[in-house]
Amino acid sequence: MTTRSSHTDDIDRRIIGATQGGLPLVREPYRAVAKDLGLDPEVVMARLQRMLERGVIRRIGVVPNHYALGVTANGMSVWDIPDDQVRSAGELVGALDFVSHCYHRPRRLPDWPYTLFAMVHGRDREEVERKVAEIAGLLGDKQSGHEVLYSTRILKKTGLRIAA
Amino acid sequence: MGSVTSSEREFINAWQRDFPLERRPFRRIASMVEETETEVMATVRDLIRRDVVSRLGAVVAPNTAGASTLAAMAVPPARLEEVAEIVSAEPAVNHNYEREHAFNLWFVVTASDAEELRATLDRIARTTGLPVIDLPLEQSYHIDLGFPI
């Protein structure tokens, strides 16, 4: 478990809370957010900018609904990579434009040997398989096993929320 | 597949990031795409109404506020519905997916702190009588800029 709440203060968290569910679609959206929070619009924009620079906010923009757009094959590829090579492998895989998330997570032996997770999206499984093969080619003998876990159902999905 | 025009697709791909941080962001975009501010706002509204875009907003990185983890369970298929319901009912669970694997239930838990996170995982294990593997993020290797649709 990782805790990095020190990266944000209470005002940051209130701004995130007010914007992650969607900016108001008005001519001056940051002013509308600022008004709701009792802040100056310049403060809202400056803090959003700072959170972007520090990586607390990854991006601000339209969030496509991939399922509605037909990008329905969502394959979580998981790779067994020795600890001392995870970093270089992660940097290689994370740079691929078809990988939406690339994370190092701990292995949990004996059931779970995989240390690198790379989320691969495609219009069908064939497209995902082709992309996974490309990753396997890139990793070469850095990896000693991998699997692709396809999602068959979304049982719950809410935007990432910050608990109060 | 959801139908978007090629210009809508181009718009979505261009504005998954870098939405202008300035007083009149839609006017800025309008000046770049040679449309009016009103037209740009109408495009976004329409994409959201048709559910091809879920929102225009900030995408927050995991683990930057509070505590979170990815957890998995190997649920006997006959119990999947029941267990999935227990997991989804936890307020700290914000994604819950069924996947084809012995570990067939995968969910993200986001709590305000490590204790609340631990308590949620423990409660799920206790209520269901099944082990939960906890796979917290150690390092992210991707700056999620959105990917081409």
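Is Asp134(B) buried or exposed in this predicted model? Asp134(B) is buried, with a relative accessible area of 11%, where buried means under 20% relative accessible area, exposed means over 50%, and partly exposed lies in between (1.4 Å probe, protein chains only). Because the model is predicted, local features need pLDDT of at least 70 and side-chain atom pairs count only at pLDDT 80 or more, whereas totals for chains, interfaces and linings use all residues. Residues are numbered from 1 along each chain as its sequence is written, chains are lettered from A and ligands numbered from 1 in the order in which they are written, and side-chain values use heavy atoms, with hydrogens and water left out.

The side chain of Asp134(B) meets that of Arg118(B) in a salt bridge, at 3.7 Å from N to O, a salt bridge being a side-chain nitrogen of Lys or Arg within 4 Å of a carboxyl oxygen of Asp or Glu. This pair links distant parts of the chain, with Arg118(B) in helix 5 (residues 114-128) of chain B and Asp134(B) in strand 5 of chain B, 16 residues apart; helices (H or I, at least four residues) and strands (E, at least two) are DSSP runs, numbered from the N terminus. In contrast to the buried Asp134(B), Arg118(B) is partly exposed, with a relative accessible area of 35%.

Strand 5 (residues 133-135) of chain B is joined by three bridges to strand 2 of chain B, and the two run antiparallel; two strands pair if DSSP finds at least two bridges between them. Within this pairing, the bridge partner of Leu70(B) is Leu135(B). Strand 2 (residues 67-73) is also joined, by seven bridges, to strand 4 (residues 105-111) of chain B, again in an antiparallel arrangement, and here Thr69(B) stands opposite Val109(B). In a regular strand the side chains alternate between the two faces of the sheet. In strand 2 of chain B both faces are covered, since Ala67(B), Thr69(B), Ala71(B) and Met73(B) on one side and Ser68(B), Leu70(B) and Ala72(B) on the other are all buried.

The two chains meet through an interface in which 84 residues of chain B are in contact with 83 residues of chain A, contact meaning heavy atoms within 4.5 Å. Between them the chains bury about 7,900 Å², 58% of it on carbon and sulfur atoms; buried area is the accessible area (1.4 Å probe) that two parts lose on being put together, summed over both. Between chain B and chain A there are 30 residue pairs in polar contact, both residues being at pLDDT 80 or more. A polar contact is a pair of N or O atoms within 3.5 Å; within protein, one must be able to donate a hydrogen and the other to accept it, and residues adjacent in sequence count only if both atoms are side-chain atoms. The largest share of the side of chain B that touches chain A, eight residues, comes from strand 1 (residues 53-60) of chain B. Strand pairing also crosses between the chains, as five bridges join strand 6 (residues 146-157) of chain A to strand 3 (residues 93-99) of chain B, which run antiparallel, and the bridge partner of Arg153(A) in strand 3 is Glu98(B).

Five salt bridges are counted between chain B and chain A, including that between the side chains of Glu37(B) and Arg27(A), at 2.5 Å from N to O. Glu37(B) also forms a salt bridge with Arg24(B), the closest N and O atoms being 2.8 Å apart. Arg24(B) lies in the loop between helix 1 (6-14) and helix 2 (25-33) of chain B and Glu37(B) in helix 3 (residues 37-49) of chain B, so the pair ties together parts that are 13 residues apart in sequence. Both partners are buried, Arg24(B) with a relative accessible area of 18% and Glu37(B) with one of 9%.

Over all chains, a search of the whole structure finds 23 salt bridges. In chain A, Asp9(A), Asp12(A), Arg47(A), Arg50(A) and Arg54(A) are linked in a network of salt bridges. Backbone geometry also has particular features: the peptide bond from Leu109(A) to Pro110(A) is cis, with omega near 5°, and Glu34(B) has a positive phi of about 55° although it is not a glycine. Glu34(B) is placed in the loop between helix 2 and helix 3 of chain B and, at 76% relative accessibility, counts as exposed.
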